[in-house]
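Colleague: I'm new to this one. Can you walk me through it?

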Amino acid sequence: MKEQIDQKNLPRHIAVIMDGNGRWAQKQGAARIFGHRSAITSVREIAEGCAELGIEYLTLYAFSTENWGRPKFEVNALMELLVYTIREEIPTLQKNNIRLHTIGDFESLPERSRKELTEGMKKTAENTGLQLTLALGYSGKWDIVQAARQLAQEVLAGSTQPEDINEHLFAARLSTGGWPDVDLMLRTGGDFRISNFMLWQLAYAELYVYSDLLWPDFRKPHLHEAIIAFQSRERRFGKTGDQVKEIVTKA
Ligand code: IPE
Ligand code: IPE
Ligand code: MG
């Protein structure tokens, strides 16, 4: 399937709602956390898969602001798993020239997780291939509010004038400031919703939902399948189909 992918029409930025770990485990009569643990393989597969294809940005929704409301033992287990995973996966990141980033309310994370993340980001800072971002303690509404707050402070300080605020400046203050918007958003687990993920950055993303696939079963061919579907779609950005075809012919 990989051979069917058109290298000249790749999504620059892929975002993923990695959903269905709990159901995956429960289906086998295991505890939900077993699903979270098994999800690590899927994270490795998609990161390697994107790196192999030359995708520039991959953003993974790993823990939402709302997920803090889960039972305490599940939250703790997820945070522990995060520490362990980052430590274990650094060699894979290095081997594939992948740079690690994080977005979200960093201060809301436990100290151990922050320490491990900081370490991981430092170690991979020189890598120039895939830019891999973990969204942790993240929500789209949180992101928009923190950007608005920064701008308000700049206006108060006099370094920004209210009339200077436009889409470009606002986007620059989001946690993804400087990165391209999402081209393709994947969601496993069958639900057709955004769950407070990157609300602004998803404005014109193509959505791809796997109806029968839970995240721990995700492998590289699933990524390839979504990219092939992406390439068959016509992205009109508000224009007419004829206009879009004309632009393509001219190019
Ligand atoms: C996604 O899997 C992982 C996180 C939200 C941390 P879930 O834990 O939401 O799994 P389901 O949706 O309950 O099956
Ligand atoms: C979305 O999954 C968040 C992550 C994958 C981290 P959820 O399982 O929390 O989403 P809902 O509750 O089904 O919308
Ligand atoms: Mg879920």
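Modeller: Sure. One definition to start: a residue is buried when its relative accessible area is under 20%. Also keep in mind that this is a predicted model.

Colleague: Is D19 buried or exposed, then?

Modeller: D19 is buried, because its relative accessibility is 18% and the cut-off is under 20%.

Colleague: Where does D19 sit in the fold?

Modeller: D19 is in a loop. That loop runs between strand β1, residues 13-17, and helix α1, residues 21-27.

Colleague: Which residues does UniProt list under "active site"?

Modeller: The UniProt entry, which is unreviewed, lists D19 and N67 for "active site".

Colleague: Why do those residues count as gathered at one spot?

Modeller: They span 49 residues in sequence, yet no two of their C-alpha atoms are more than 12.0 Å apart, so they gather at one spot. Both D19 and N67 are also in the lining of the largest pocket.

Colleague: Tell me about N67. Which loop is N67 in?

Modeller: N67 is in the loop between β2, residues 57-64, and α3, residues 72-95.

Colleague: And is N67 buried or exposed?

Modeller: N67 counts as buried, because its relative accessibility is 18%. A polar atom of the N67 side chain lies 2.8 Å from the backbone nitrogen of S64.

Colleague: Back to D19. What is D19 in contact with, beyond its sequence neighbours?

Modeller: Leaving out residues within four places in sequence, D19 contacts R187, T188, G189, D191, L214 and W215. With R187 there is a side-chain polar contact of 3.0 Å.

Colleague: Now the ligands. What surrounds ligand 1?

Modeller: The residues around ligand 1 include M18, D19, G20, N21, G22 and R23. R32, H36, A62, N67, R70 and L78 are in that set as well.

Colleague: Which polar atoms lie by the oxygen atoms of ligand 1?

Modeller: Here are three cases. A backbone N or O atom of G22 lies 2.9 Å from a ligand 1 oxygen. For R23, a backbone N or O atom is 2.7 Å from an oxygen of ligand 1. R32 uses its side chain: a polar atom there lies 2.8 Å from an oxygen atom of ligand 1.

Colleague: What's around ligand 2?

Modeller: I17, M18, D19, Y61, A62 and F63 are among the residues around ligand 2. S64, N67, R70, R187, R193 and S195 belong to that set too.

Colleague: What do the side chains of D19 and N67 do there?

Modeller: A polar side-chain atom of D19 lies 3.1 Å from an oxygen atom of ligand 2. For N67, the distance from a polar side-chain atom to a ligand 2 oxygen is 3.0 Å. R70 has a side-chain N or O atom 3.2 Å from an oxygen atom of ligand 2.

Colleague: New topic. Which residues does UniProt list for "binding site"?

Modeller: The unreviewed entry lists D19 and E206. From this set, D19 is in the lining of the largest pocket.

Colleague: Where is E206?

Modeller: E206 is in strand β6. E206 is buried, with a relative accessible area of 15%. Setting aside residues up to four places away in sequence, E206 touches D183, L184, M185, F230, R233 and R235.

Colleague: F230 is in helix α7, right? What else in α7 is buried?

Modeller: Yes, F230 is one of the buried residues of α7. The others are K220, L223, H224, A226, I227, A229 and Q231. They pack against β1, α2 (residues 32-53), β5 (residues 184-187) and β6 (residues 206-209).

Colleague: How does the span of α7 compare with what you'd expect?

Modeller: Helix α7 has 12 residues, 220-231, so at 1.5 Å a residue it should span 16 Å. Its end C-alpha atoms are 17 Å apart, which agrees.

Colleague: Last one. Where is R236?

Modeller: R236 is in the loop between α7 and α8, residues 241-250. R236 counts as partly exposed, at 41% relative accessibility.

Colleague: What does R236 touch?

Modeller: Not counting residues up to four places away in sequence, R236 touches G241 and V244. A side-chain polar contact of 2.8 Å also joins R236 and E234.

Note on methods:
Residues are numbered from 1 along each chain as its sequence is written. Chains are lettered from A and ligands numbered from 1 in the order in which they are written. This is a predicted model: local features need pLDDT of at least 70, side-chain atom pairs count only at pLDDT 80 or more; totals for chains, interfaces and linings use all residues. Side-chain values use heavy atoms; hydrogens and water are left out. UniProt positions are given in the numbering used here, feature names are shortened, and annotations may be inferred rather than shown by experiment. On a 1 Å grid over the protein atoms alone, a cavity is a set of points where a 1.4 Å probe fits but cannot get out, and a pocket is an open set with protein on both sides within 12 Å along at least five of seven lines; lining residues have an atom within 4 Å of a point. Helices (H or I, at least four residues) and strands (E, at least two) are DSSP runs, numbered from the N terminus. Buried means under 20% relative accessible area, exposed over 50%, partly exposed in between (1.4 Å probe, protein chains only). Contact means heavy atoms within 4.5 Å. A polar contact is a pair of N or O atoms within 3.5 Å; within protein, one must be able to donate a hydrogen and the other to accept it, and residues adjacent in sequence count only if both atoms are side-chain atoms. The expected span of a helix is 1.5 Å times one less than its number of residues. A residue is near a molecule or strand if one of its heavy atoms lies within 4 Å of it.
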